[in-house]
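Dear colleague,

I am handing over the structure below, together with some notes on what was found in it. Please read the notes with the structure open beside you.

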Amino acid sequence: MKYRPLGNTGLEISVLSYGASPLGGVFGQINQDDGIRTVHTALDHGINFIDVSPYYGDTKAETVLGQALAGVDRDRYYLATKVGQYGQEEFDFSAERVTRSLDESCARLGVDYIDLLQCHDIEFAEPDQIVTETLPALVKLRDAGRIGHIGITGLPLKVFANVLDQVGPGIVETVLSFCRYELNDTALADWLPYFESKQLGVINASPTGMGLLTPRGVPDWHPATPTMIATAKQAVDFCAKEGVDIVKLAVQFCVAHPGMTTTLVGTSRPENIEANIRYAEEPVDEAIMARVQEILAPIHNHNFTRGLPQNRDELIPA
Ligand code: NAD
């Protein structure tokens, strides 16, 4: 496993890291023992950064993750969770709610300190509230030693500038976006010079596009358009014919970019996380990688967006 510095935080984190949303059943029912073994397998193979949220599975992901982490030395992992989203349509970025949220997350996770606390999907918030209320509340928690660092997450990329352009240096230390740096979308890479100018760590989530680039395909709730799904299926079928796991290409594509501090992959199966860690280390078959990108070219950067109108990216619909 290779490690990269997460912006200016002083944390050295694994280039492939573990996203715990599947522990909440987000991608379908899980076997809890398998989920717990997945966390242990990740840590045993060098992953040292874990991301979760109270939103995933309506707090279940944090609860199962807490069970997995019970008895694991606290210095073996950095733990990131989030505040502000509590249901599909339920957002509360008030100072009171996010402060209480930290206590609730710590109780479920069985820890008294969170390494990185992130405002979850700020495209659903007024940027002014994040700047004037939410971030000051998180700064108080950081000053009090309850959390190590502060981050913001979102799908549309312009939402980051809506907030970052209004806050001083060092307030926000990381950004997390998802589905915007993967085999069919590289838009997050265009933002790296801006993030670098702010000395931020960059967390790239969902290398398979939340299942789009997997043999199993997308879950029901997935926002991809039929064209995106059909084109991704062509890439999946091509890989199957070539005898290559498309997830291998998806993981290799993401971890290869030095500007993506880490890539968060989710699964509730130990064999999947073990394979993904192995994939991150194996040599890349450049010819197959290029062919898959060619197949995906018609939908390149045609992703989905969401959030309040002022926070949405302008995308070419696919
Ligand atoms: P992902 O691209 O990691 O895909 C997860 C899906 O891929 C699951 O269905 C899983 O079973 C499958 N998968 C993983 N490895 C596999 C393998 N080797 N073979 C076959 N299938 C495999 O998407 P994700 O889980 O949504 O993203 C990763 C993590 O990033 C999340 O768990 C979460 O922690 C974080 N995330 C954060 C945000 C946010 O903050 N807004 C949004 C999305 C994701």
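The second largest pocket in this model, which is a predicted one, has a volume of about 150 Å³. Its lining is made up of 13 residues, and those closest to the centre of the pocket are E196, L200, V202, G259 and T261. Two or more lining residues come from each of β1 (3-5), α7 (192-197) and β11 (201-205), and it is α7 that provides the largest share, with three residues. Sorted by class, the lining of this pocket consists of six nonpolar, five polar and two charged residues.

A second point concerns helix α10, which runs over residues 270-281 and so has twelve residues. From its first C-alpha to its last, α10 reaches 17 Å, which is close to the 16 Å expected at 1.5 Å a residue. The buried residues in this helix are P270, I273, A275, N276, I277, Y279 and A280, and the elements that cover them include β3 (16-19), α1 (32-44), α9 (246-255) and β12 (262-266).

Lastly, there is the nonpolar interior. The largest nonpolar core contains 107 residues, among which I50, L65 and I152 have the most contacts inside the core, while α9 gives the most to this core, with eight residues. If residues up to four places away in sequence are left out of the count, L65 touches A20, L23, V39, I50, V52, L79 and L109. Helix α9 therefore appears twice in these notes, as part of what covers the buried residues of α10 and as a contributor to the largest nonpolar core.

With best wishes

Notes: Residues are numbered from 1 along each chain as its sequence is written. This is a predicted model: local features need pLDDT of at least 70, side-chain atom pairs count only at pLDDT 80 or more; totals for chains, interfaces and linings use all residues. Side-chain values use heavy atoms; hydrogens and water are left out. On a 1 Å grid over the protein atoms alone, a cavity is a set of points where a 1.4 Å probe fits but cannot get out, and a pocket is an open set with protein on both sides within 12 Å along at least five of seven lines; lining residues have an atom within 4 Å of a point. Grid points are joined across faces, edges and corners, and a volume is the space filled by probe spheres set on the points. Helices (H or I, at least four residues) and strands (E, at least two) are DSSP runs, numbered from the N terminus. Ala, Val, Leu, Ile, Met, Phe, Trp, Tyr, Cys and Pro count as nonpolar, Asp, Glu, Lys and Arg as charged, and the others, Gly among them, as polar. The expected span of a helix is 1.5 Å times one less than its number of residues. Buried means under 20% relative accessible area, exposed over 50%, partly exposed in between (1.4 Å probe, protein chains only). Contact means heavy atoms within 4.5 Å. A nonpolar core is a set of buried Ala, Val, Leu, Ile, Met, Phe, Trp, Tyr and Cys residues joined through side-chain atoms within 4.5 Å.
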